[in-house]
Amino acid sequence: MIAVLKQGTDEKQMQNLIDWFKDQGLDVHVSRGEYSTILGLIGDTAKIDIDLLQGLDIIESVKRITEPYKNANRKFHPDDTVVRVTPDVQFGGGHFQFIAGPCSVESREQVQNIAAEVKKAGAGVLRGGAFKPRTSPYDFQGLKEEGIHILEEAKKKTGMPIITEIMNANHLPMFENVDIIQVGARNMQNFELLKELGKIRKPILLKRGLAATIKELLMSAEYIMAGGNDQIILCERGIRTYETVTRNTLDLSAVPVLHELTHLPVVVDPSHALGIARMVKPMALAAAAAGADGLMIEVHNDPQKALCDGAQSLTPAQFADLAQGVRAVLDAVKR
Ligand code: PEP
Ligand code: MN
C-alpha cells in the first residue's frame, strides 16, 4: 500500500503517521520526490482501514500495491534510483556507464593492460571474474582470492572502481575493496546469498537468470532490498529460448519494461547474450537506444587465448569503436 502525503505536510505530522503504521507492525519506506512524499507500507496491510486513512488531513491519496515486489516497485519510489559507486561513477537517473574488462582475471599483466585500454576508451568500471561459475568442473574456475587482489591493484593504478562476481556469501570478507558485487545469472535465485547481500551497504549488480521472468528478477532484487540495501543495478544478459544461433536471446524489451516497473537502473550485457564478438556492437547500440543505463562488455587483449568466453570478447580497439558508436546513439536519442 502507498500513502501519498499532501504537499506542505510537516515532518512532525508525517512522523506521527509513520509511528502509527509501525505500531501496526508495518515497515515504512519514505520516498521524498520533488513534488510529493510517498509512504510505502510493507507487511500485512489487510488490517489498515483505507477509508480511515483517506480521511486524514495530511493524506492526498491511498492505493494498494498488488505486485509482490514493494521496495523495487516504481509506485513506491517514482524517481529513478541513482546508484552511486563513486562520486564520478553513477548508474541511473540519466547517468550512463560502461563496465568493461575480461571474462576472467587471468594474470596481473592481462588485467592491467586491459584496464588501461578500456579506461582510455571511456569505461567507468573495470570488470573481471575471480570466481567463475563454469558449466564444466574441468574448466578454468578463476584465480579466486588472488584474482580479487589483481583487480584491486588495477583499481589502484587506474582509479577505476571494480566489479566481480560472488558465488558464496562466506567469501564476502574478500570483497571488502570491491566496489560493485556481481550476482551472476546462475545465482539470481540463491536466496540465502541475496539475503546476505541485503545486509551490506555496497552496490550490487544483479543479473537476470537464464530462464527467469522479469518479475522473478524483481523479486530477487526485493530480497536484497528487504534487508535494507537499495543500491541495486539490474542486468539483462539474455535468456534461454528455442533459438540456438546465439548463446542466449537478448530480451531488449526488458529495458523499457523494467523502467516502467521499477526505479532501479538497468544495464545490458550483450556479450553473454550473443556469445559472438561481431554481434556485440549492434546490440550494444540497440540497448543504448532502448534506454539502458549502462553496458557490460567483455574485452580481452588476446581473445583467441582467453581462458573463458574468448568467442564473445572484443579487443580493446573493438571496444573503443563500440563506445564511440554508443555515445553517438546516446546523443541521437538525446540522453
Ligand atoms: C559474467 O559476467 O562473467 C557471467 C558469468 O555472466 P552471467 O552470470 O550473465 O552468465
Ligand atoms: Mn563471461
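Two strands are taken to pair if DSSP finds at least two bridges between them, and helices (H or I, at least four residues) and strands (E, at least two) are themselves DSSP runs, numbered from the N terminus. The structure described here is a predicted model, in which local features need pLDDT of at least 70 and side-chain atom pairs count only at pLDDT 80 or more, while totals for chains, interfaces and linings use all residues. Residues are numbered from 1 along each chain as its sequence is written, chains are lettered from A and ligands numbered from 1 in the order in which they are written, and side-chain values use heavy atoms, with hydrogens and water left out.

A good place to begin is strand β10 (residues 180-183), which is covered on both faces. Here buried means under 20% relative accessible area, exposed over 50%, and partly exposed in between (1.4 Å probe, protein chains only). In a regular strand the side chains alternate between the two faces of the sheet. In β10, I180 and Q182 lie on one side and I181 and V183 on the other, and all of them are buried. Strand β9 (residues 162-166) runs parallel to β10 and is joined to it by 4 bridges, with E165 standing opposite Q182. Strand β11 (residues 204-207) is also parallel to β10, through 3 bridges, and L205 in β11 is the bridge partner of Q182.

Q182 and E165 lead on to ligand 1, as both belong to its surroundings. The full set is R127, K132, P133, E165, Q182, G184, A185, R186, K207, R237, H272 and E298, where a residue is near a molecule or strand if one of its heavy atoms lies within 4 Å of it. By class, this shell holds 7 charged, 3 polar and 2 nonpolar residues; Ala, Val, Leu, Ile, Met, Phe, Trp, Tyr, Cys and Pro count as nonpolar, Asp, Glu, Lys and Arg as charged, and the others, Gly among them, as polar. Three side chains make polar contacts with oxygen atoms of the ligand, a polar contact being a pair of N or O atoms within 3.5 Å (within protein, one must be able to donate a hydrogen and the other to accept it, and residues adjacent in sequence count only if both atoms are side-chain atoms). For K132 the distance from a polar side-chain atom to a ligand oxygen is 2.9 Å, for R186 the corresponding N or O atom is 2.9 Å away, and for K207 the separation is 2.8 Å. Taken alone, ligand 1 exposes 300 Å², of which the protein buries 97%; accessible areas come from the Shrake-Rupley method with a 1.4 Å probe, and for residues only the protein chains shown count as cover.

H272 and E298 from this shell also serve the manganese ion (ligand 2), which is coordinated by C103 (SG), H272 (NE2), E298 (OE) and D309 (OD) at 2.0 to 2.4 Å. Donors are N, O and S atoms within 2.8 Å of the metal (3.2 Å for Na, K and Ca), and water is not among the atoms, so sites may look incomplete. Along the chain the donors follow the spacing C-x168-H-x25-E-x10-D. E298 and D309 are 11 residues apart, the former in strand β14 (residues 294-298) and the latter in the loop between β14 and α10 (316-332). E298 counts as buried because its relative accessibility is 0%, and D309 is also buried, at 18%. G310 occupies the loop between β14 and α10 as well and is buried at 19% relative accessibility.

Another sheet region centres on strand β3 (residues 37-42), where 5 of the 6 residues are buried. Strand β1 (residues 2-5) pairs with β3 in the antiparallel sense over 3 bridges, and V4 has I38 as its bridge partner. Strand β2 (residues 27-32) is likewise antiparallel to β3, with 6 bridges joining them, and H29 is partnered by G40. Together β2 and β3 form a hairpin with 4 residues between them.

Finally, the backbone offers two local points to look at. Most residues other than glycine have a negative phi, and most peptide bonds are trans. K144, in the loop between β8 (125-127) and α4 (145-158), has a positive phi of about 55 degrees and is partly exposed, at 38% relative accessibility. K334, in the segment after α10, has a positive phi of about 60 degrees and is exposed, with a relative accessible area of 74%.
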